[in-house]
Amino acid sequence: MVKVQPVIHYAPETCAFCTGNGSGRCKDGNIYDVCPVCKGIGTLLVAQTAKKCAFCSGNGAGQARDGYVYDRCPVCKGTGWAYVFEGEIENM
Ligand SMILES: [Zn+2]
Ligand SMILES: [Zn+2]
């Protein structure tokens, strides 16, 4: 048996929480100097091919699949994406 490690490519995708602004009014209704989800970058590294979070339909917040309204989606943490690179980029 040869084990094949899947190679995951990441590419920057727009942060749903701040809609790519990096600051200002975010999806939870608060105004941030720095978006707490993308740290003000406006984009997040998302595994390709990028897939929107099914729970919040990629909105990052608002009414989700369970009928509740969330300030920040508990599944994607507000990113709006299903598979986001977590960790420090420096450690890659
Ligand atoms: Zn953001
Ligand atoms: Zn979500």
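**Reading burial, contacts and backbone in a predicted chain**

Biologist: How many other C-beta atoms lie within 10 Å of Asp-71, and is the residue buried, exposed or partly exposed?

Modeller: The general idea is to count neighbours: 20 or more make a residue buried and 12 or fewer make it exposed. Asp-71 has 15 other C-beta atoms within 10 Å, and it is therefore partly exposed. Please keep in mind that the model is predicted.

Biologist: Where does Asp-71 lie, and what does it touch?

Modeller: Asp-71 belongs to the segment after β6 (69-70), and, once residues up to four places away in sequence are set aside, it touches Asp-28 and Ala-61. A separation along the chain can also be set beside one in space: Asp-71 and Gly-60 are eleven residues apart in sequence, while their C-alpha atoms are 8.4 Å apart.

Biologist: Which elements make up the protein chain, and in what order do they run?

Modeller: The protein chain has six strands and zero helices, so that, read from the N terminus, its elements follow the order β-β-β-β-β-β. For the overall dimensions, the C-alpha trace spans about 50 × 30 × 15 Å along its principal axes. Of the 92 residues, 28% count as buried, and of the contacts between residues at least 6 apart in sequence, 48% join residues at least 24 apart.

Biologist: What would a buried strand residue look like; how many C-beta neighbours does Val-46 have inside 10 Å, for example?

Modeller: Val-46, which lies in strand β4, has 24 C-beta neighbours inside 10 Å and so counts as buried, the cut-off being 20. Beyond the four nearest places in sequence, Val-46 touches Tyr-10, Ala-11, Glu-13, Trp-81, Tyr-83 and Val-84. With Ala-11, the C-alpha atoms are 5.4 Å apart although 35 residues separate the pair in sequence.

Biologist: Which residues touch the most other members of the largest nonpolar core?

Modeller: That core has 18 residues, and those touching the most other members are Cys-15, Phe-17, Cys-18, Cys-35, Cys-38 and Leu-44. Taking Leu-44 as the case to follow, and leaving aside its neighbours within four places in sequence, one finds contacts with Pro-12, Glu-13, Cys-15, Cys-38, Thr-79, Trp-81 and Val-84.

Biologist: At the other end of the scale, why does Met-1 count as exposed?

Modeller: Met-1 is exposed because it has 3 other C-beta atoms within 10 Å, where 12 or fewer suffice. The residue lies in the segment before β1 (10-14), and its C-alpha atom is separated by 49 Å from that of Ser-23, which stands 22 residues away along the chain.

Biologist: Turning to the backbone, which residues other than glycine have a positive phi?

Modeller: Two cases can be named here: Lys-39, with phi of about 60°, and Lys-77, with phi near 60°. Lys-39 is found in the loop between β3 (31-32) and β4, and because it has 11 C-beta neighbours inside 10 Å it counts as exposed. Lys-77, by contrast in location, sits in the segment after β6, and with 17 other C-beta atoms within 10 Å it is partly exposed.

Biologist: And what is the form of the peptide bond from Gln-48 to Thr-49, cis or trans?

Modeller: Omega is the angle to inspect, and for the bond from Gln-48 to Thr-49 it is near 0°, a cis peptide bond. Thr-49 itself lies in the loop between β4 (43-47) and β5 (62-63).

Technical notes. Residues numbered from 1 in each chain as written. Chains lettered and ligands numbered in written order. Predicted model: local features only at pLDDT ≥ 70, side-chain atom pairs only at ≥ 80, totals over all residues. Core = buried A, V, L, I, M, F, W, Y, C linked by C-beta atoms within 7 Å. Contact = placed C-beta atoms within 7 Å. Helix = DSSP H or I, 4+ residues; strand = E, 2+ residues; numbered from the N terminus.
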